[in-house]
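Visitor: Could you walk me through the charged pairs here and show how each label is earned?

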Amino acid sequence: MKVKILIANWKMNKNLKDGLVLANAINKKITNTKSKKFIILPSIHSVNYIKQNIKKSILIGAQDCSPFLKGAYTGDVSAKMIKSIGCKFTLIGHSERRIYNNETNKLLLEKVCRANEAGLKIIFCVGETIEDFKKNNSLKVLKKQLTGIFGTNYNFNNLIIAYEPVWAIGTNKTPQIADIKKTHDFIKLFFKKNYKFSDIPVLYGGSVNSQNSKEIFSLECVNGGLVGGASLIAREFIKIYDTL
Ligand code: PGA
């Protein structure tokens, strides 16, 4: 049985105290099992604090990492530093960073390399804009976003792909189930064809909530979800986990 994964992307929300309260509230009610896991991605400033003070151990990750190894890169946090504070994962390529921080494929490739060298598991985000969706270009965009990022000797067991249509993030809009199936099947086939890896977990993200999660997760090609807004409310995140 393939493991199902639910990821909480808190983005730039929650101070130290509120983050710990939220993490404890979630962690009290749900547990990681062999077949179902949840991962929390708090803002980097609170990772260590949550790790140190949480009542029961938790899987935790960062929302980004530096493309550089170390040195004079003011404001950056290296993959190695992220690993050293107890993160097992890092998100790379979230559309908010691609848009607001002008992150290109070339830069994302460097981030993937640094994260890989540091031994972090990568959650790599892809997704098309509304314009591309309307022009029926979704699969073309996904192919472009995935091409050239992973070498043939990459350890694909350390990789999770999150498909997040940009137009579905924080908008309360989600694609039709058939469209989710089409994109997830495409991503899985991409890894099978290009890297002979047929086991890549693909999560869906973009306005996931407790009302729509059951239907989305019922698709076999959907291996879980990446949740933003709804992950900031413990009750809601727990309900979503229950539908996984
Ligand atoms: P959302 O965000 O659930 O608030 O749409 C998802 C994400 O950006 O990861």
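Here is a short conversation about salt bridges and exposure.

Guide: This is a predicted model, in which local features need pLDDT of at least 70, side-chain atom pairs count only at pLDDT 80 or more, and totals for chains, interfaces and linings use all residues. Residues are numbered from 1 along each chain as its sequence is written, and side-chain values use heavy atoms, with hydrogens and water left out.

Visitor: Why is the contact of K2 and D199 called a salt bridge?

Guide: The term asks for a side-chain nitrogen of Lys or Arg within 4 Å of a carboxyl oxygen of Asp or Glu. K2 and D199 have an N to O distance of 3.7 Å, so the pair qualifies. By this rule there are nine salt bridges.

Visitor: What makes R114 buried and E117 exposed?

Guide: Buried means under 20% relative accessible area, exposed over 50%, and partly exposed in between (1.4 Å probe, protein chains only). R114 has 15%, so the label is buried. E117 reaches 52%, so this residue counts as exposed.

Visitor: How do you know that E110 is partly exposed?

Guide: Its relative accessible area is 34%, which lies between the two cut-offs, so partly exposed is the label.

Visitor: Which salt bridges does R114 form?

Guide: R114 pairs with E110, the closest N and O atoms being 3.0 Å apart, and with E117 at 2.9 Å, N to O. Both distances are within 4 Å, so both pairs fit the rule.
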